[in-house]
Every structure is written in C-alpha cells, then in structure tokens.
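Trainee: Hi, have you got a few minutes to go through this structure with me? I'd like to start with a loop and then move on to the ligand.

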Amino acid sequence: MAQNGTGSKKRGKPNILITGTPGTGKTTTASALSEATQFRHINIGDLVKEKNLHDGWDDQFDCYLINEDLVCDELEDLMEEGGNIVDYHGGDFFPERWFDRVVVLQTENSVLYDRLTKRGYIGQKLTNNIECEIFQVLLEEAKESYPEEIVVALRSNTIDDINRNVVTLTDWVRSWSCPS
Ligand code: DAT
C-alpha cells in the first residue's frame, strides 16, 4: 500500500475526532454522524470501561484513570483502516497521524451548566467543567496537538446546531480524498 509523507499507510476513509468539554454533545453528535456516514462510533469512555484500559478509579476526579498507551494500542488497527468517529473529552495523547478532522464542540456556559447539573454533576466537578469550557481548554489542546487546518470549532447549543453540524461533517466526509 502507498505511504504518505508521515510514513503511515494511506486509508480509504477519513478518521474524525470529536472532542469538547463533557456535556457539549460529543456522543449525541458522533452517534448521529455515525448513522449518516456508516462510520464506526468509538466512545473512548465506554471502551476504557469495557476493555479495562485504565489504572483504576480516580476518587479526586470521579472517573477512571485512563491508560493512554493501552487505548492507543487497542485502536491502532482500526484507525489505520479509517472510517472512525472517536468521541472523547481530550485528544492530546492520540497520534497526530490518526485524524483528518478534529471537531471541538462548544456550548454556551448557562446551557452547559444546566446539562451538567441534570447529569448530576455538583461541586468541584461541575465548576471544573464549566471553567474548562470558559477557558476553551479543549480547543487550545486540539490546536496544540493537530495541524491548525484540520481543527474546527462548532457551536453546540441546540438540536438545530447538532443537525447542522452533522450535515456539515457528512458533506466533508463525502468530499474527502486521502491527501497524497
Ligand atoms: P458529551 O458526549 O459531550 O458529554 P452528550 O452528547 O452526552 O454530551 O450530551 C449531554 C446531554 O446534553 C444529553 O442529554 C443531550 C444534550 N445535548 C447535547 N448537545 C446538545 C445540543 N446541541 N442541543 C440540545 N441538547 C444537547
């Protein structure tokens, strides 16, 4: 198979990373996009739990301590194949070569606050996530980890936003061709 500039094999279909603060709509968007494109939806949080790709429970942050090396090993073959939508509230530990598009979802603070309280977030966990959104931590992280031209920030306040984002991304998938 042909090789691209980074030495990795060319894939027939693109890979998309959907990232953003918890509650911004990653899973809802990724799932609708997966239906529209027939791409594989990989929810990293679920994968970590199902396959035990973690180093135990973190009481301070109230989540699993993800083992990044195990996650990357688990996904390498699938990512090489292409046609994946990866859904995770982070993205700086994935190999840069995996993704052709990095989508950062963003939600207005008051809307996000309501979504997270409905989900049962309180105290420090709620505050940390709202601050994460205010300071655009995930957008900065994406810009530092991937080429600027593949990173796109999309608003995710309403269902209309989700529908529009899915149409935009589906159009992008259909017009994608592997860079030489
Ligand atoms: P994430 O995967 O980023 O944590 P989610 O997809 O699980 O977010 O969504 C969390 C909740 O908020 C869920 O009840 C659906 C709702 N939601 C997400 N994005 C939305 C949007 N743009 N408009 C309306 N509701 C949305």
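**Talking through the model**

Mentor: Happy to. Gln136 is placed in the loop between α5 (123-134) and α6 (137-145). Keep in mind throughout that this is a predicted model.

Trainee: Okay, what is the phi of Gln136 like?

Mentor: The phi is positive, about 50°, although Gln136 is not a glycine.

Trainee: And is Gln136 buried, partly exposed or exposed?

Mentor: Gln136 counts as partly exposed, because its relative accessible area is 34%, and partly exposed runs from the 20% limit for buried to the 50% limit for exposed.

Trainee: Asn52 caught my eye too. Where does Asn52 lie?

Mentor: Asn52 is in the loop between α2 (44-50) and β3 (54-58). Its phi is near 55°, again a positive value in a residue other than glycine. Asn52 has a relative accessible area of 52%, so it is exposed.

Trainee: Let's switch to the ligand. Where does the ligand sit?

Mentor: In the largest pocket. There are 15 residues around the ligand, and Gly23, Lys26, Thr27, Thr28 and Arg119 come nearest.

Trainee: Which polar atoms are close to the ligand's oxygens?

Mentor: Let me give you three. A polar backbone atom of Gly23 is 2.8 Å from an oxygen atom of the ligand. For Gly25, a backbone N or O atom lies 3.0 Å from a ligand oxygen. Lys26 uses its side chain, with a polar atom 2.8 Å from an oxygen atom of the ligand.

Trainee: How much of the ligand's accessible area does the protein cover?

Mentor: On its own the ligand has 550 Å² of accessible area, and the protein covers 73% of that.

Trainee: Which helix gives the most to the shell around the ligand?

Mentor: That's α1, with 3 residues. Both α1 and α7 (159-175) supply at least two residues each to that shell.

Trainee: While we're on α1, what can you tell me about Thr37?

Mentor: Thr37 lies in α1, which covers residues 26-37. Its relative accessibility is 14%, so Thr37 counts as buried. A polar atom of the Thr37 side chain lies 2.7 Å from the backbone oxygen of Leu33.

Trainee: And what is Thr37 in contact with, leaving aside its neighbours within four places in sequence?

Mentor: Ile85, Thr170 and Val173.

Trainee: New topic: Asp100. Is Asp100 buried or exposed?

Mentor: Asp100 counts as buried because its relative accessibility is 12%, and the cut-off for buried is under 20%. You'll find Asp100 in the loop between β5 (84-87) and β6 (101-106).

Trainee: What does the side chain of Asp100 make a polar contact with?

Mentor: The side chain of Arg11, at 3.1 Å. The Asp100 side chain also reaches the backbone nitrogen of Asn15, at 2.8 Å. Setting aside neighbours within four places in sequence, the residues in contact with Asp100 are Arg11, Pro14, Asn15, Ile150, Trp172 and Trp176.

Trainee: Last one, the cysteine. Which strand is Cys63 in?

Mentor: Cys63 is in β4 (residues 63-66). Its relative accessibility is 32%, so Cys63 counts as partly exposed.

Trainee: What is Cys63 in contact with, again without neighbours within four places in sequence?

Mentor: Gly56, Trp57 and Asp58. You could also look at Gly45: it is 18 residues from Cys63 in sequence, and their C-alpha atoms are 9.4 Å apart in space.

Trainee: Great, thanks for walking me through it!

Conventions:
Residues are numbered from 1 along each chain as its sequence is written. This is a predicted model: local features need pLDDT of at least 70, side-chain atom pairs count only at pLDDT 80 or more; totals for chains, interfaces and linings use all residues. Side-chain values use heavy atoms; hydrogens and water are left out. Helices (H or I, at least four residues) and strands (E, at least two) are DSSP runs, numbered from the N terminus. Buried means under 20% relative accessible area, exposed over 50%, partly exposed in between (1.4 Å probe, protein chains only). A polar contact is a pair of N or O atoms within 3.5 Å; within protein, one must be able to donate a hydrogen and the other to accept it, and residues adjacent in sequence count only if both atoms are side-chain atoms. Contact means heavy atoms within 4.5 Å. A residue is near a molecule or strand if one of its heavy atoms lies within 4 Å of it. Accessible areas come from the Shrake-Rupley method with a 1.4 Å probe; for residues, only the protein chains shown count as cover. On a 1 Å grid over the protein atoms alone, a cavity is a set of points where a 1.4 Å probe fits but cannot get out, and a pocket is an open set with protein on both sides within 12 Å along at least five of seven lines; lining residues have an atom within 4 Å of a point. A molecule sits in a cavity or pocket if more than half of its atoms lie within 2 Å of its grid points.
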